[in-house]
Amino acid sequence: MSDNNDLLVRREDGVLVLTFNRPEQRNALTQEMQARMGEELAAAELDREVGCVLLTGAGGAFCAGGDVKNMARLSSGAPVDQLRRMETQRQSQRRTSLRLFEMAKPTIAALPGAAAGAGLSLALSCDMRIAAETAIMSTAFVKIGLSGDYGGTWLLTQLVGPAKARELYLLGDRVDMKEAFRLGLVNWVVPAAELEAKALEIAKRLAAGPRLAHRFIKDNLNRAMTGSFAECLDTESANLMQLRDTEDHKEAARAFAEKRAPKFTGR
């Protein structure tokens, strides 16, 4: 485990667990946290020992988004280079939200409490979400006079449709987990005491699965969000043919015939 800053990092049975660790600030993001997160995600994508990434928060919250108190301090300081700040923001978003969404390994967000602003965007960037019954979600940006970041507008529109996404962004109301589950924003809702164990159970199940298949399944699903049906058919065909020659597929076929559980190696 590494705990030398505000992002805790540990590996457990093929799962990389990243924990936001500023509980007094409801795990509000700092530039250092975002940079470290980007570095860990980049390393995990190339690490053969990592089969799944689990993102969560310490102290009863997931992530409250940006550090608004720090924003207020910076806004009262000296003028800034807007172009440089824009590029820094762009690169940070690509190293975190985009990598969570596109990386060739499953990603899960476990929400013990509030996911707001950029914190919600990061949660939505993951493939799946599990939440404690007491958690809440909020786009929150409108309440501090901002428009949104880390891909939340695109992700929310994909998940709930444009009309509901507009409502949630323009009003900024809180969404409880009963409503979040109904809308499809979370996959599982569990008692708070069971969240960590259930999240790790799902993550370890994914980490032990066929990693090459996971890679191409994500590719199929991501392309399906923007491509035509014909393009989806072509992508599925190409990916399936590549997997036909893998050791994982051959092992799974043998295991099926022999009525046993397959042992995947990621080859």
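Phenylalanine 62 is buried, with a relative accessible area of 0%; buried here means under 20% relative accessible area, against over 50% for exposed and partly exposed in between, using a 1.4 Å probe and protein chains only. This is a predicted model, so local features need pLDDT of at least 70 and side-chain atom pairs count only at pLDDT 80 or more, while totals for chains, interfaces and linings use all residues. Residues are numbered from 1 along each chain as its sequence is written, and side-chain values use heavy atoms, leaving out hydrogens and water.

Now for the rings. The count of aromatic pairs comes to three, where rings of Phe, Tyr and Trp (its six-membered ring) pair if their centres lie within 6.5 Å, with planes under 30 degrees apart called stacked, over 60 edge-to-face and the rest tilted. One of them joins phenylalanine 20 and phenylalanine 62 edge-to-face, at 5.6 Å centre to centre and 80° between the planes. Phenylalanine 20 sits in strand 2 (residues 15-20), whereas phenylalanine 62 belongs to the loop between strand 3 (52-57) and helix 2 (68-75), so the pair links distant parts of the chain, 42 residues apart. Helices (H or I, at least four residues) and strands (E, at least two) are DSSP runs, numbered from the N terminus. Like its partner, phenylalanine 20 is buried, with a relative accessible area of 0%.

Another pair, phenylalanine 141 with tyrosine 169, is stacked: 6.2 Å separate the centres and 5° the planes. Phenylalanine 141 lies in the loop between strand 7 (136-138) and helix 5 (152-160) and tyrosine 169 in helix 6 (residues 162-171), so this pair ties together parts 28 residues apart in sequence. Both rings belong to buried residues, with relative accessible areas of 7% for phenylalanine 141 and 12% for tyrosine 169.

Strand 7 also turns up in an open sheet of three strands, ordered 5-7-8 with mixed pairing; strands pair if DSSP finds at least two bridges between them. Strand 5 (115-116) and strand 8 (175-176) are the edges, each pairing on one side only. Strands 7 and 8 run antiparallel and are joined by two bridges, and methionine 137 has valine 175 of strand 8 as its bridge partner.

On to helix packing. The axes of helix 3 (residues 82-102) and helix 4 (residues 118-125) come within 8 Å and cross at roughly 25°; axes are lines fitted to C-alpha atoms over the stretch in contact, with angles running from 0 to 180 degrees between N-to-C directions. The two helices are therefore roughly parallel (under 35 degrees; over 145 is roughly antiparallel, 65 to 115 roughly perpendicular, the rest oblique). Thr96, Ser97, Leu100 and Phe101 of helix 3 meet Ser121, Leu122 and Ser125 of helix 4, contact meaning heavy atoms within 4.5 Å.
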